[in-house]
Amino acid sequence: MPKAKITKEMVVDAAFAVTRIMGIENVNARTVSEKLKCSTQPVMYHFARIEELKRAVYEKTDRFHSEYLMHIENRTEGIMLGIGLNYIRFAIREPNLFRLLFQSGFAVENSLMEMVDSEELQPVLTVMQGAMEMDIKQVKEVFVTISLFAHGYASIIANNSLTYDESIVAKHLEKAYRGAVLAAKENEG
């Protein structure tokens, strides 16, 4: 019986699974090949350097995170609150992926403003702009404020320093959002 061909996508998916469970620091040819139930040869064939595989996992995680943010469970609370809560929920439910994205140094952007201007964030900003009925500059200002606020909560929770109480977090996010919108509108003139 011929052996199944291990594709590059299969290697990335296996490394993503290892990252979810054990963290990016445990992604290597051995752990990925164990997940695939094969030798290390197919892993090394597709990725001569493990750093390349980790970069591919980062990119897959970034796409997964964007989709996660946009899947808002309760739209009646508002899109912004939904995105902010999803950001924090992601840190709780996927702490190893959260650490990869935001605490590992793999991000291409070197600053928050570079992230806000990145192509990957445009779908999120477009949805926000439609919900907020503001120009893109104002939307970016609001996004930065909410991002910093939500990231603070998410980082503390992802690193096991705070018990999550969604009702309290939602109230804080709502206040931060209202303040950010008012500030953006004041800067409009």
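Helices here are DSSP runs of type H or I with at least four residues, and strands are E runs of at least two. Counted that way, the protein chain comes out with ten helices and zero strands. Keep in mind that this is a predicted model. The chain averages a pLDDT of 86, and 93% of the residues score at least 70. Below is a quick tour of the overall build, one helix with a clear inside and outside, the aromatic contacts, and a few residues worth a look on screen.

**Overall build and confidence**

- Reading along the sequence, you get α-α-α-α-α-α-α-α-α-α.
- The C-alpha trace spans about 70 × 35 × 30 Å along its principal axes.
- The chain has 189 residues, and 42% of them count as buried.
- Take the contacts with a separation of 6 or more: 63% of them come from residues 24 or more positions apart.
- Confidence peaks in helix α1 (residues 8-22), at a mean of 98, and bottoms out in helix α7 (residues 112-116), at 77.
- As a rule of thumb, predicted coordinates should not be read in detail where pLDDT is low.

**Helix α8, inside and out**

- Helix α8 covers residues 122-132, and its buried residues are V124, L125, M128 and M132.
- Looking down the axis of α8, those buried residues fall within an arc of 95°, so they line one face of the helix.
- On the face turned away from that buried side, you'll find the exposed residues T126 and G130.
- The cover over the buried residues of α8 includes α4 (50-70), α5, α7, α9 (136-158) and α10 (166-186).
- Just past the end of α8, E133 takes a positive phi of about 55°.

**Aromatic pairs and a cluster**

- The model has eight aromatic pairs, going by ring centres within 6.5 Å.
- One of them is F16 with F64, an edge-to-face pair at 5.5 Å centre to centre with 70° between the planes.
- That pair bridges distant parts of the chain, since F16 sits in helix α1 and F64 in helix α4, 48 residues apart.
- F16 is buried, at a relative accessible area of 7%, while F64 is partly exposed, at 25%.
- Y87 and F98 make another edge-to-face pair, with centres 5.8 Å apart and planes at 85°.
- Y87 belongs to helix α5 and F98 to helix α6 (residues 95-103), so this pair ties together parts that are eleven residues apart in sequence.
- Both partners are tucked away: Y87 is buried with a relative accessible area of 12%, and F98 counts as buried at 0%.
- F16 and F64 also belong to one aromatic cluster, together with Y68 and F90.

**Charges over rings**

- The charged end of K60 sits over the ring of F16, 5.2 Å from the ring centre.
- R55 does something similar with Y58: its charged end sits over that ring, 5.3 Å from the centre.

**Two buried residues in helix α5**

- R89 is in helix α5, which runs over residues 79-93.
- Is R89 buried or exposed? With a relative accessible area of 7%, under the 20% cut-off, R89 counts as buried.
- The side chains of R89 and N86 are joined by a polar contact of 2.7 Å.
- Setting aside neighbours within four places in sequence, R89 is in contact with Y68, E73, E94, Y164 and E166.
- Y68, one of those contacts of R89, is also a member of the aromatic cluster with F16, F64 and F90.
- L85 is in helix α5 too, and L85 is buried, with a relative accessible area of 0%.
- L85 and L162 are 77 residues apart in sequence, and their C-alpha atoms are 15 Å apart in space.

**An exposed loop residue**

- K37 is in the loop between α2 (29-36) and α3 (41-46).
- K37 is exposed, with a relative accessible area of 74%.
- Most residues other than glycine have a negative phi.
- K37 goes the other way: K37 is not a glycine, yet has a positive phi of about 60°.

Definitions and conventions:
Residues numbered from 1 in each chain as written. Predicted model: local features only at pLDDT ≥ 70, side-chain atom pairs only at ≥ 80, totals over all residues. Heavy atoms only, no water. Buried < 20%, exposed > 50% of the residue type's maximum accessible area, 1.4 Å probe, protein only. pLDDT = per-residue confidence, 0-100. Polar contact = N/O pair within 3.5 Å; in protein donor to acceptor, adjacent residues only side chain to side chain. Contact = heavy atoms within 4.5 Å. Arc of directions from axis to C-beta. Phe/Tyr/Trp six-rings, centres within 6.5 Å; stacked < 30°, edge-to-face > 60°. Lys NZ or Arg CZ within 6 Å of the ring centre and 35° of its normal.
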